[in-house]
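Thanks for coming, everyone. Please have a look at the sequence and the structure first, and then we will walk through a helix and a sheet together.

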Amino acid sequence: MKRESSVAKQEKTAITPVRAENYPEWYQQVVKAAELAETSPVRGCMVIRPWGYTLWENIREGLDAMFKATGHVNAYFPLFIPVSFLEKEAEHVDGFAKECAVVTHHRLEADDDGKLVPAGALEEPLVVRPTSETIIGATYAKWVQSYRDLPILINQWANVVRWEMRTRLFLRTAEFLWQEGHTAHETKEEAWDETMKMLEVYKTFAETYMAMPVLTGEKTAAERFPGATNTLCIEAMMQDRKALQAGTSHFLGQSFAKASGIQFQSRDGSLEHAWTTSWGVSTRLIGGMIMTHADDNGMVMPPRLAPSHVAILPICRKPEDEPAIFEYCNAIAEQLRTVTYHGRALNVVVDKREMNAGEKSWSWIKKGIPITLEVGPRDMASDSVFVYRRDTTRKDRYGQDKDAFVESVAAVLDEIQASLLARAIKLREDNTCTIDEWDAFCGFFTPENKDRPEVHGGFAMSHWCDDPACEKKINDTLSVTIRCIPFDRTDSGKGACVVCGGPSSGRVVFAKSY
């Protein structure tokens, strides 16, 4: 009789280190193993690989449809912004000054040693777009003359440069891709409704497409977008229990309109400034998806955004088996491509690469494709397939009649999507605590091992007196910030500030963050 070892054998994983050992390094290894992106020769910038870029294209396609359904249209504005434009809005320039990349010359010339040096100084330096409020505001000022010209509802898909010193692929890079919406309105009420509406679009997209549950609320003044009157946000909990700000919607009041001169003749004939908003998400969403769903074997793709839905792996033990098995796999692929999943035809890959079957299977596991089908001679003989769902373990693989699989595949993909969302909701619920005492608050956010901090903390729902000094003390002491002030804050009841004991109108969300 075989004796079981008293020490459980550690299961081999595709990613090392695993999450529990070194979460930051695990993240980098998932990005690499899933072939999503890699570092570039340009410091702080990344190369988004085809698998990662297709994921971004699917994000863009889904969001773009939602933007257009709410009345928005796309346009494009210049990459370069005159420094004088930023200077018009004092808070704005203060917020971005340290991150700006600046163009000062317009050509290169060879010096006496043959080296290329900048020449032809510009009359005015140009900032490489960190965000577009000022350049778009200048354009809107030309377009808007009367209340009849409003509202303007425009979105831009573009790249952005913010000179980051400490970078991490997808989460924080010097250049990244994003969308930025910019709207102008006749009244304060219309602009506020727009701000709330776009926040809800982001929430719906995060939860429905990304399977990433989010909290919504308002940022404190310390966390507000530079120059905004109010910044609203969606916040998600990652698997290391840190928060990720996944999207923001800004009510800009009239400050940018006044700085840019966006004025219109009102219905009563007076001259008034427009009310404006801006809102955006970026390739940071991909980082959020990785940290929400990936495991110690690699990425796990939510089916609604997955670059491909199904990978079919022909298993050919002998060369003479190849023609028949390839034909069988191609036929299954053609059947599957006739299936529509949430408006998209299924994207199916037949992997005919000449490589070890196990290695081939693991390559798709690491990429996170939702479903893998293994097809060998016995499967072909029984008109069946061997199915692996990425949201389960390899021990849960099962055989199924080919036609039955094709008929059920859309429902199975929906099951995977729902299971990923449920798993993420459970993680957040299990790691959200109501804390009223300062010592308990500090303990919640303090790792046991300070040299190599383990995964700790989460979301703390605690009272705050609205004093920036208490907010700063928490940040300085624990590197914890107020992630958002819930819209229903007062529903949690009045209490005492977790820092100073002063009166609080309700609880807010505290967490460590990216």
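Which residues of H6 are buried? Before I answer, please keep in mind that this is a predicted model. In H6, the buried residues are Ala-191, Glu-194, Thr-195, Met-198, Leu-199, Val-201, Tyr-202, Phe-205 and Ala-206. They cover an arc of only 150° around the axis, and therefore they lie on the same side of H6. It helps to recall that an α-helix has 3.6 residues a turn, so residues three or four places apart point the same way. We can also check the length of helix H6, residues 188–208, because at 1.5 Å a residue its 21 residues should span 30 Å, and this agrees with its end C-alpha atoms, which are 30 Å apart.

Now let us turn to the sheet. Here 5 strands form an open sheet with mixed pairing, and their order is E18-E15-E19-E20-E21. Strand E18 (348–350) and strand E21 (398–401) stand at the edges, and because each has a single partner strand, one side of each is left without a neighbour in the sheet. On average, and ignoring direction, neighbouring strands of this sheet are turned by 30° against each other.

Within it, strand E15 (residues 310–314) pairs with strand E19 (residues 371–375) in the parallel sense over 5 bridges, and Ile-312 has Leu-373 in E19 as its bridge partner.

Finally, consider the helices that lie across these strands. Helix H9 (residues 322–336) lies across E15, E18, E19 and strand E20 (384–389), and runs at about 170° to E15, while helix H10 (residues 357–367) lies across E15, E18, E19 and E20, running at about 175° to E15.

Note on methods. Residues numbered from 1 in each chain as written. Predicted model: local features only at pLDDT ≥ 70, side-chain atom pairs only at ≥ 80, totals over all residues. Heavy atoms only, no water. Pairing = 2+ DSSP bridges. Helix = DSSP H or I, 4+ residues; strand = E, 2+ residues; numbered from the N terminus. Axes fitted to C-alpha atoms, helices over the stretch in contact; angles between N-to-C directions. Contact = heavy atoms within 4.5 Å. Expected span 1.5 Å × (residues − 1). Buried < 20%, exposed > 50% of the residue type's maximum accessible area, 1.4 Å probe, protein only. Arc of directions from axis to C-beta.
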